[in-house]
Amino acid sequence: MHPLNVEPLGNELLKEDRGLRSQQLGRIARLSDEIILECLFSADAGTLAAACCASRGLRAFASVEELWKAFAVGRVRFKSSWKTTVLGREACRLRRTCIYSDLLYLPFVLPEPASFWTTESVARARGISDREFWDKYDEPGIPVVLEGGFAVDERWADLGETKGTFRAGAFEFAMADYLEYAAANADLQPLYLFDDRFADIAPHLAKYEPPSMFRDDLFRWCEPRPQYRWLAVGGPRSGSAWHVDPNGTSAWNATITGRKRWFFSREPPPGVHPSADGLDVVAPPSLAEWLVRYLAHSKPLAATTGPGDVVFVPRGWWHMVVNLDPNLTVAVTHNFCSESGLPHALNLLRTRPHLASGLELPPGADDGDRRRRRGAALHDQLVDTLRRHRPDLLESAEASLRRPATLWDKLLLLQDHDDDDACSRSKKNTKRTKVAAAAAAAAAGEPFVFGFAL
Ligand SMILES: O=C(O)CCC(=O)C(=O)O
């Protein structure tokens, strides 16, 4: 049962009393649920608290957790809900009544992501040599789960005792407070503790050896080096929305405790719309909503990982990750540029420098210009440092960027997803357009980079 006794709109048809909505909401009953909620998003906390006490109907709207979360931004100690965190107590006590609203009810009934699609379609490998990994997965850019690839030791069992504060969205949490929040919240999209500063805050957590096949990061000589490692701690339903990793890098991600559900796609999946400049992505506001609405219309590769498993996320692949464990999922992840990934990273920084990230922006008034200068500076640093440390790799990456497209590259683009719906037809058309562009580029002797969204 919904905590505020909200029921789906259709249930109202079964009731005798059809005047309930105007009894509960008075004159605003004629506004749509969306408009009422939108208006409440511009209210301050005092007005919201008053709205909670104005009527039983309005209380259901004014209690939406997202409204209150916005007032708690900063350093917090979460108390059972965002509303009580902000107010410190219940706004007031009103008798419970039934209210009919799909808008308020839907988030409550979204299934747990764990119930989605148990297919395992990502390759898995155990105990493979570094050479085999590079040849089979890194070089062609194919995702893989390396089972037992990360040594998990006892230090992770005492995570709650870790000192210092960590970033989760727009919030700073003490680790113990975050763990309390992760276990107690009812957020549709829970905050995810995802912090690149963890090695400074809690150096003992950074005392691990990256799996040997990932030790070569060609960005490591850059000064400053772009952000490259993160601690990821999340309760159920938290996770990472669809994205492509920054600066043309690949990533490895080790699950330490709990379980993660991974989805991979070469193209932006349905329901995920990157802007033309690649800086923004429009997508459903929660991972659960994407799963409910779009999973059935797409065929991402998928995998579930548990303690000790390491996922390889190849450069350019879209991916989304949902933490499944009912208690807590903990992971560390590093982004890196390997020898095979170097042409991709160089090409991205040359052709779309505004997409570079993980470094402070240089000063200036025009944000677009600041982003471009940051990308160009990172590109120049990468080239300079490679010239000094690995001129051989720089030369072969440049040669590969000069080579025209091969027939194999074109065939990869035409790879049929064996799907007949309109969405996939339009994808095939996009692919055909790309192939035509590739053919034209090859004929003109120009380089053309294939298959990657960014
Ligand atoms: O562990 C996760 O949530 C995935 C992180 C991720 O996809 C990334 O860092 O790019």
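1. Start with the largest nonpolar core of this predicted model. This core holds 76 residues, and the members that touch the most others are Ala168, Phe173, Tyr178, Leu193 and Val311. If you would like one element to look at here, pick helix 12, residues 342-351: with five residues, helix 12 gives the most to this core.

2. Phe173 is a good residue to click on next. Leaving aside residues up to four places away in sequence, Phe173 touches Val76, Thr165, Phe166, Ala168, Tyr178, Tyr181 and Leu193. Ala168, Tyr178 and Leu193 are also named with Phe173 among the core members that touch the most others.

3. There is a second core, separate from the one above, with 18 residues. Leu25, Ala49, Ala62 and Trp68 are included in this second core.

4. Now for the ligand. Around the ligand you will find Trp230, Ala232, Gly239, Ser240, Asp245, Ala251, Asn253, His319, Val321, Ala331 and Thr333. Two or more shell residues come from each of these elements: strand 9 (229-234), strand 10 (239-243), strand 11 (250-257), strand 17 (318-323) and strand 18 (329-336). Sorted by class, the shell has five nonpolar residues, five polar residues and one charged residue.

5. Finally, is Asp277 buried or exposed? Asp277 has 11 C-beta neighbours inside 10 Å, so Asp277 counts as exposed, the cut-off for exposed being 12 or fewer. You can locate Asp277 in the loop that lies between strand 13 (273-274) and strand 14 (281-282). Along the chain, Asp277 and His354 are 77 residues apart, and their C-alpha atoms are separated by 8.5 Å.

Definitions and conventions. Residues are numbered from 1 along each chain as its sequence is written. This is a predicted model: local features need pLDDT of at least 70, side-chain atom pairs count only at pLDDT 80 or more; totals for chains, interfaces and linings use all residues. A residue is near a molecule or strand if its C-beta atom, placed from the backbone, lies within 6 Å of it. Helices (H or I, at least four residues) and strands (E, at least two) are DSSP runs, numbered from the N terminus. Ala, Val, Leu, Ile, Met, Phe, Trp, Tyr, Cys and Pro count as nonpolar, Asp, Glu, Lys and Arg as charged, and the others, Gly among them, as polar. A residue is buried if 20 or more other C-beta atoms lie within 10 Å of its own, exposed if 12 or fewer, and partly exposed in between; C-beta atoms are placed from the backbone. A nonpolar core is a set of buried Ala, Val, Leu, Ile, Met, Phe, Trp, Tyr and Cys residues joined through C-beta atoms within 7 Å. Two residues are in contact if their C-beta atoms, placed from the backbone, lie within 7 Å.
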